[in-house]
Amino acid sequence: MSVVICDSCGRESEDLRQCSVCKKNLCSDCARYMVVKRKTIYKEFEDSIPVCKDCLPTTSLKKKLVDIVDAVLGR
Ligand SMILES: [Zn+2]
Ligand SMILES: [Zn+2]
């Protein structure tokens, strides 16, 4: 069995996931989950896919950016 190394923290792990966006190997500590909507011809459902922290869409960060823009405009 080959040892797989987490691309994010460099640790060896037997329980690796793969980032769905950039295909990095991720150990269970580094994996984050993103909820996506999937649609088939039969139904629409929510699915969680593993992503690395670099590819995780940060809703809170986007909100922060909006706040910064508002501050700059002198609200
Ligand atoms: Zn890791
Ligand atoms: Zn990634």
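Start your tour by selecting strands β5 and β6, which form a hairpin with four residues between them. Strands here are DSSP runs of E with at least two residues, helices are runs of H or I with at least four, and both are numbered from the N terminus. Two strands count as paired if DSSP finds at least two bridges between them. β5 covers residues 32–39 and β6 covers residues 44–51. They pair in the antiparallel sense, over eight bridges.

A quick word on what you're looking at. This is a predicted model, where local features need pLDDT of at least 70 and side-chain atom pairs count only at pLDDT 80 or more, while totals for chains, interfaces and linings use all residues. Residues are numbered from 1 along each chain as its sequence is written, and chains are lettered from A and ligands numbered from 1 in the order in which they are written.

**Stop 1: along the hairpin**

Click on Val 35, in strand β5. Its bridge partner in β6 is Ser 48. The two are 13 residues apart in sequence, yet 4.3 Å apart in space, C-alpha to C-alpha. Next, show the contacts of Val 35 (two residues are in contact if their C-beta atoms, placed from the backbone, lie within 7 Å). Leaving aside neighbours within four places in sequence, Val 35 is in contact with Glu 46 and Ser 48.

Is Val 35 buried or exposed? Exposed, because it has 8 C-beta neighbours inside 10 Å. The rule is that a residue is buried if 20 or more other C-beta atoms lie within 10 Å of its own, exposed if 12 or fewer, and partly exposed in between, with C-beta atoms placed from the backbone.

Hop across to Ser 48 in strand β6. Ser 48 counts as exposed too, because it has 11 C-beta neighbours inside 10 Å. Not counting residues up to four places away in sequence, Ser 48 touches Tyr 33, Met 34 and Val 35. Try a distance to Met 34: 14 residues apart in sequence, 5.3 Å apart in space, C-alpha to C-alpha.

For another bridge, pick Lys 39, whose partner in β6 is Glu 44. Then select the whole of β5: how many of its eight residues are buried? The count is zero, so by the 20-or-more rule this strand is hardly covered.

**Stop 2: the loop between β3 and β4**

Now find Ser 20, in the loop between β3 and β4. It is partly exposed, because 15 other C-beta atoms lie within 10 Å. Beyond four places in sequence, Ser 20 is in contact with Ile 49, Pro 50 and Val 51. Ser 20 and Ile 49 are 29 residues apart in sequence but 6.7 Å apart in space, C-alpha to C-alpha.

In that loop, between β3 (17–18) and β4 (25–26), you'll also find Lys 23. Check its backbone angles: Lys 23 has a positive phi of about 65° although it is not a glycine. Lys 23 is exposed, with 11 other C-beta atoms within 10 Å.

**Stop 3: the core**

In soluble globular proteins, nonpolar side chains tend to be buried together. Here, a nonpolar core means a set of buried Ala, Val, Leu, Ile, Met, Phe, Trp, Tyr and Cys residues joined through C-beta atoms within 7 Å. Select the largest one: Cys 6, Cys 19, Leu 26, Cys 27, Cys 30, Ala 31, Val 51 and Cys 52. Zoom in on Cys 27, which, leaving aside neighbours within four places in sequence, is in contact with residues including Cys 6, Cys 9 and Arg 11.

**Stop 4: zoom out**

Show the whole chain as a cartoon: one helix and six strands, running β-β-β-β-β-β-α from the N terminus on. Buried residues make up 13% of the 75 residues.

Finally, colour by pLDDT, the predictor's confidence in each residue, from 0 to 100. The chain averages 84, and 77% of the residues score at least 70. Among the elements, helix α1 (residues 59–72) has the lowest mean pLDDT, 66, and β4 the highest, 95.
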